[in-house]
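Open your viewer and colour by chain. We'll go from one stop to the next, with something to select each time.

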Amino acid sequence: MADTRPGAMSRIIRWIDYRLPFIQALNHELNEYPTPRNLNYWWNFGSLSGIMLVVMIATGVFLAMQYTPSSEAAFDSVERIMRDVNYGWLVRYAHSSGASMFFAIVYIHLFRGLYYGSYKQPREFLWILGVIILILMIATAFMGYVLPWGQMSYWAATVITNLFSAIPLIGQNIVTFLWGGFTVGDPTLHRFYALHYLLPFIIVAVVGLHLIALHRFGSNNPLGIDTKRPQDTIPFHPYYTIKDLFGLAVFLLIYAYFVFYAPNSLLAADNYIPANPMQTPNHIVPEWYLLPYYAILRAVPNKLLGVIMAFGSIFLLFIVPWLDTSPVRSARFRPVYKWVFWLLVIDVIALGWVGANPPEGLVVTVGQIATLYYFVHFLILFPVIGKLERPKPLPASIATAVLQTGGARLGGAGAPLAKS
Amino acid sequence: MADLAQHDVSGAHAGETRRDFLILTASAIGAVGVAATIWPFIDTLNPARDTLALATTEVDLAPVQVGQRLTVAWRGKPVFIDHRTPEEIKAAEDVTVSDLRDPQPDSARVKKPEWLVVIGVCTHLGCIPLGQKVGDDRGSYGGWFCPCHGSVYDTSGRIRQGPAPQNLFVPPYDFTADTTIKIG
Amino acid sequence: MRKPVLAALALLLLALTPPPASAEETPSPPHQQWSFEGIFGTYDRAAAQRGFQVYKEVCSACHPVKHLYFRDLADLGYSEDEVKAIASTYQVTNEQPNDQGQMFQRPARPSDPIPGPFPNDQAARAANNGALPPDLSMIVKARDGGPDYVFGILTGYKDPPAGFNLLTGMNYNEYFPGHQIAMPPPLADNAVTYADGTSATVPQMAHDVVTFLAWAAEPNLEPRHRTGFKVVLFLIVTAGVFYAAKRKIWAAVH
């Protein structure tokens, strides 16, 4: 007879699962879940994003246990974490480097979507939920950066909250309301701390919706064609679990390099100076992942218009599914768009460079051209290219495409970045 | 783990065994990695270096005259230091230990008989007993008296009357010099 | 596909380079050799101890190091008794007033922070012609150029070039932004007599005090590098094993 103890355990699980079918749900959504067999490594970035969200929350909670959110004590409490708390330096650097990693991963994930048309019908709402997550991340990161209460924390908070004064008539009142005072100060720090702790859990909820929306139609794939037959898909487990784990290990290597060997390479030195409301730093610079929006803000000579364009550059992403008129999803079959996509990548990097440098000379010119191109790319090129371009013929199905070119090339790790 | 029977596993038995081995190794490495990652987080909750720096207190006993009592703070609690008079020492030693609620001879509670060092927290419910200041009620045994519920301690800090179950605790301490002690 | 990705990566790296310094801008300080740079870097304890002596005898007249505690000095190789002895030479205000309600001074203990020269910023300014000597516990991290910059400042004093308008009370410094610094040259040859007999030239003292200050700003550098080495090694092995497992599992699909 079989040992009764495992039997009892699985009976209890079955009893719960019958009443609250979480095991059946998990089994279907993670285990059997049919996934296109031809996903390449650009599809790793979704699970990596989810993992980074968990890492940021875990490191954040443990930091919150030691941090004091008052303008007198905040800076010193962070130094105490760095010096006196056991492994405090590790948790702190993991959190600060983690924010950069999180944004890098999410940006790559976003650009993957742009290249392969993952935002197109029927996944428009999946895309919209993603943009909402990005906006929440930006808000969370902005507030989080204020918490150490260094010079950059204080002055970035001042500059960005002052943006709202551009709103006609009620702008200054809104800013006073946001500050809870007449300048960024203790009340501001307290509410930013509370919201910085809260927003990630709202992000978790939206990520849940994002996954539900994803599972409605399943993942897109590099060919951009729908899965039609069972041969087009493979179960998520073990194929994509192990592939995601491998990708995770490689990513962790990069993450570890930053945490252990270059933790301050992405941070501004000025933030190691305690906040001084009487003295502005020479160059106020946001973190790298906010530089493109900062560049757009400064490129426009009019204050209100600059604010609108900067926020607009993100909100524009919401309507991407409707801006793109192409009948075909994946850029693999779009001979013109495939190159124009890289213009956007170069443009965003250029905007980042512009945002990092003082606005004089060449920087200003590049900033204006790059800002103009950004909006032209979405508002003009997207609809026009989709209409005028002649897409290459699509394969009959994923399975036929895979079998034609040889399975090893599309599915194996031998050529992870190869695209036809 | 993966139910391998479901999938079209081609290859000989050796291939399957190697696959199982790889999966086992991968799982083991993953588990080690997770455990190694969790430990530093837990360790951040242990007392930090600044807290540990306050874990010991050195006290200079030279200014404390015979018959005088001194209170110092140690790890957030009061410590009673009593430079006992010969009468107090005699009263502490002349006791039938087996009669005590918490039997302890005086010799087991002091390192030098003229110095008594005890934690000044009543073992009943945690109030701070009276007796350190001149004019305080010391209770009928000449030691300390807890006003909260009436516990009475003798000149060795042992419980004699009242509800407290145990003698006043003796903290770990050492004489680093003739008139200096290090507590903790 | 590979080509555009590589091009984008190259551009990204290019974008990360700092802007070129124009002729009127302050030059970058030259790079020095530091025992603590690179992934295997450690703090030269002998240099750091000499640097602490320089801090104590020269810099501490104006500059606090509020994030350092006396107990931290044990990390530089001082014994527990030596740390206690160093601490007891300082007077600090007790945290609590006495029984009469008055604040009083007592000798410092290892658990105390190293006290600064002034009770507050206003007193510091009053003693320094309105300039505020910054706290030095984080200075190496709080300036672009880090240790090279601080070294450059300490050794960069020279006569102003012809035609340079040097304001009264200011000093010309090669590497300080704008070239005018309120701090007069703090170091002169043999300002300090080193206990280990090392010749106390200005570059030597500057090198030692910067090593001390680098440690003060980042005391956990060595545990961080040690842990990092183990983590990276572990992850390389893990990635290898996971890759092998992935290939094996995916063999079934092809």
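How many salt bridges are there between chain B and chain C? The count is two, where a salt bridge is a side-chain nitrogen of Lys or Arg within 4 Å of a carboxyl oxygen of Asp or Glu. Before we go on, keep in mind that this is a predicted model, in which local features need pLDDT of at least 70 and side-chain atom pairs count only at pLDDT 80 or more, while totals for chains, interfaces and linings use all residues. Residues are numbered from 1 along each chain as its sequence is written, chains are lettered from A and ligands numbered from 1 in the order in which they are written, and side-chain values use heavy atoms, with hydrogens and water left out.

**Stop 1: chain B against chain C**

Select K84(C) and E58(B): they form a salt bridge, with their closest N and O atoms 3.3 Å apart. Helix 1 (13-43) and helix 2 (49-53) of chain B each bring at least two residues to the side that touches chain C; helices (H or I, at least four residues) and strands (E, at least two) are DSSP runs, numbered from the N terminus. Show helix 1 of chain B next, as the largest share of that side, 10 residues, comes from there.

Now widen the selection to the whole contact: 17 residues of chain B meet 15 residues of chain C, contact meaning heavy atoms within 4.5 Å. The two chains bury about 1,300 Å² between them, 67% of it on carbon and sulfur atoms. Buried area here is the accessible area (1.4 Å probe) that two parts lose on being put together, summed over both. On the chain B side, pick R19(B), L22(B) and I29(B): they lose the most area to chain C, together 36% of what that side buries.

**Stop 2: chain C against chain A**

Here 47 residues of chain C are in contact with 48 residues of chain A. Chain C and chain A bury about 4,400 Å² between them, with 70% of it on carbon and sulfur atoms. The rule finds two salt bridges across this interface as well. One to zoom in on is D84(A) with R71(C), where the closest N and O atoms are 3.0 Å apart.

Then show helix 1 (2-15), helix 6 (202-217) and helix 7 (221-250) of chain C, the elements that give two or more residues to the side touching chain A. Helix 7 of chain C supplies the largest share of that side, 19 residues.

**Stop 3: E218(C)**

Stay in chain C and select E218(C), in the loop between helix 6 and helix 7. Is E218(C) buried or exposed? With a relative accessible area of 8%, E218(C) is buried (buried means under 20% relative accessible area, exposed over 50%, partly exposed in between; 1.4 Å probe, protein chains only). Show its surroundings: leaving aside neighbours within four places in sequence, E218(C) is in contact with M82(A), Y93(A), N264(A), Y43(C), K141(C) and R224(C).

**Stop 4: chain B on its own**

Hide the other chains. Chain B has three helices and nine strands, and from the N terminus on its elements run α-α-β-β-β-α-β-β-β-β-β-β. Turn the chain around: its C-alpha trace spans about 95 × 35 × 25 Å along the principal axes. Buried residues make up 38% of the 184 residues in chain B.
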